[in-house]
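Welcome, and thanks for taking a look at this one with us. Here is a short briefing to read alongside the sequence and the coordinates.

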Amino acid sequence: MSTSALAPRLNRQLLRAIGDALDGVKIAICVFDDEDRTVFWNRSFLQVFPEHAGKVYEGEPYRENLHRFYLARLSAADLPNIEQFISMGIDRHHAQMRPYSFDHRDQRVLVSSLPLPSGQRVRIWNAEKRIHSALPVQALATNAVVSDETAALLDRLPDGVMICDHDGMLKWVNQAFVDMYACRNKQECLNHSFFYIYEKAWQQQQTHGPHTAKKTISDLTEQFNFSGAPFDIALPHQRTVRIITQKNVHQDTVYTHVDVSELELQKNLLLQAQTQLLEIANKKSAYLEEQMLSTLNAIALARDNETGQHILRTQHYVKTLALRLRALGHYREELSDADVDTMFKAAPLHDIGQVGIPDNILLKPGRLTEEEWAIMKTHALIGENTLAATKHDEEQNHLLTVAKNIAGGHHEWWNGEGYPRGLHGQQIPLAARIMALADVYDALVSERVYKKNWTHDQAVQFILEKKGIQFDPFIVDAFLCERDVCNQIAQTFKD
């Protein structure tokens, strides 16, 4: 029997062995192929999700799997919105980058997801029985959730803080939370769900402003149940609050509520200004194109935590690498003189999405927390969407398309482990793949407030080690040919 014929059988045997091993520690597993069809599941999967017993089948679309899950999960009031829940579940399935937890039946379930190079995805669940206290609600309310010293400290914070138990009932809030949601006092909040507090805050204003849209209970439930990444909600008077979740050692849940209304307003004004500037470029004029690019570059630089020299250096790295790629015979159809010139013009806009990142994260001198890093990574999509939101003629459309591809794709990895979409190989636009290497090289050899610069040779060695992992192998080859030129560029435009 040929090796290729043995491969599916060996893969099946391996999955079965892994599934049996996980059954031994009561860990559920389910594997899906690159078209979201069910490939494999173990016995523990059916114990965690008994609604699938006798119904799940090999090749079943994930949508059908989710339909059964939500039929068993949703209340009668939420069932009419089941398709919306299913669509959100599929989006989560494709984008999940970190574990999250949710309640299902009488269990607290922790789920992790792993994309495989073949396009398949593995999901793993660990379930524990939820603990229901026999103490009456009144007794729970009197228990100290935080020490007096901690409470005094949290009450001085400008951000709201709430602590919830397993059932989502508020056990403690600080004064900023009381003020943010227009409650009379802390006691009024306790032993209620946040949904009750949120609805009550909205009842005080009947008319919704033009930029505020109250979250539905279905949306709130979904975002709280599948907590992990920060999410925003709207409050009356055109206020926006960002909610960040953190588990503590006692399995209570701590939520921080940050008023980002001013940041959202500034971001919207910046985005509107950029859109207007981009629309000016409808006229075929080299002068207007240069004016547009200069203005966008100025906006990008104003929100860049690097320097203007960084923009110059990365521009020249990109042009140098593109010309060497062409000379080596790679991607010639995509690297005409006009294409290379367009990449050179578009390169400074690679981080324009940072207009949407709050200053306390963008300009933070130290290491970002997981929640801050999750927000920081959104700059790639913000930049892509900003550059896409304009009307322009065919010539300028090509320039802005290349800029959009660079902004949205320069943090993708060749092996698919980058962000924001997990693209791999030549799914990543060529201009973004070139910028990815240029940006990393410059970051390594440049000194920042939070790091010392690496030597040129150290940076070259790092990039060589990431060949075929983070970077396109052909682009690494081009870089090795031009390593001395890149070093010269770094010295010529040194900060």
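The protein chain exposes about 25100 Å², and carbon and sulfur atoms supply 54% of that area. Please keep in mind that this is a predicted model. The chain has 22 helices and 10 strands, and 45% of its 495 residues count as buried. Among its contacts with a separation of 6 or more, 52% are between residues 24 or more positions apart.

**The largest nonpolar core**

- This core holds 43 residues, and Met343, Ile434 and Tyr441 are the ones that touch the most other members.
- Two or more residues each come from helix H13 (308-327), helix H14 (337-346), helix H18 (394-409), H19, H20, helix H21 (473-481) and helix H22 (483-492).
- H19 gives the largest share of this core, with 10 residues.
- Which residues does Met343 touch, once those up to four places away in sequence are set aside? They are Val318, Ala322, Glu334, Leu335, Val402, Ile406, Leu430, Ala431 and Ile434.
- Another core lies apart from this one; it has 23 residues, including Leu170, Val178, Tyr198 and Ala234.

**How H19 and H20 pack**

- Helix H19 spans residues 430-445 and helix H20 spans residues 456-465; their axes come within 9 Å and cross at roughly 145 degrees.
- The crossing of H19 past H20 is right-handed.
- On the H19 side the contact uses Leu437, Val440, Tyr441, Leu444 and Val445, while H20 brings His456, Ala459, Phe462 and Ile463.
- Sorted by class, this contact has 8 nonpolar residues, 1 polar residue and no charged residues.
- Tyr441 is worth a second look: this residue takes part in the H19 contact with H20, and Tyr441 is also one of the core residues that touch the most other members.

**An enclosed helix**

- Helix H17 (residues 379-388) is largely enclosed by the rest of the structure, because 7 of its 10 residues are buried.
- Which residues of H17 are buried? They are His379, Ala380, Ile382, Gly383, Glu384, Thr386 and Leu387.

**Two strand residues and their surroundings**

- Thr38 sits in strand E2, which covers residues 38-41.
- Is Thr38 buried or exposed? Its relative accessibility is 2%, so Thr38 counts as buried.
- Setting aside residues up to four places away in sequence, Thr38 touches Cys30, Val31, Phe32, Val56, Tyr57, Glu58, Gly59, Glu60 and Asn65.
- Ile244 belongs to strand E9, which runs over residues 239-247.
- Between the C-alpha atoms of Ile244 and His257 there are 6.7 Å, with the two residues 13 apart along the chain.
- Apart from neighbours within four places in sequence, Ile244 is in contact with Pro230, Val254, Tyr255, Thr256 and Glu371.

**The loop between H8 and H9**

- Asn191 lies in the loop that links helix H8 (186-189) and helix H9 (194-203).
- Although Asn191 is not a glycine, its phi is positive, at about 65 degrees.
- Asn191 has a relative accessible area of 31%, so it is partly exposed.
- Ser193 is also found in the loop between H8 and H9.
- With a relative accessible area of 18%, Ser193 is buried; the cut-off for buried is under 20%.
- Beyond its neighbours within four places in sequence, Ser193 is in contact with Gly168, Met169 and Leu170.
- Leu170 is a member of the core of 23 residues, and Ser193 is in contact with Leu170.

**Backbone details in other loops**

- Where does Gln238 lie? Gln238 is in the loop between strand E8 (231-235) and E9.
- Gln238 is not a glycine, yet it has a positive phi of about 60 degrees.
- Gln238 is partly exposed, since its relative accessible area is 42%.
- What joins Tyr419 and Pro420? A cis peptide bond does, with omega at about 10 degrees.
- Pro420 is placed in the loop between H18 and H19.
- Both H18 and H19 are among the helices that give two or more residues to the largest nonpolar core.

Notes
Residues numbered from 1 in each chain as written. Predicted model: local features only at pLDDT ≥ 70, side-chain atom pairs only at ≥ 80, totals over all residues. Heavy atoms only, no water. Axes fitted to C-alpha atoms, helices over the stretch in contact; angles between N-to-C directions. Helix = DSSP H or I, 4+ residues; strand = E, 2+ residues; numbered from the N terminus. Left-handed = near helix turned anticlockwise from the far one by under 90°. Contact = heavy atoms within 4.5 Å. Nonpolar A, V, L, I, M, F, W, Y, C, P; charged D, E, K, R; others polar. Buried < 20%, exposed > 50% of the residue type's maximum accessible area, 1.4 Å probe, protein only. Areas by Shrake-Rupley, 256 points an atom, 1.4 Å probe, with all protein chains shown as cover. Core = buried A, V, L, I, M, F, W, Y, C linked by side-chain atoms within 4.5 Å.
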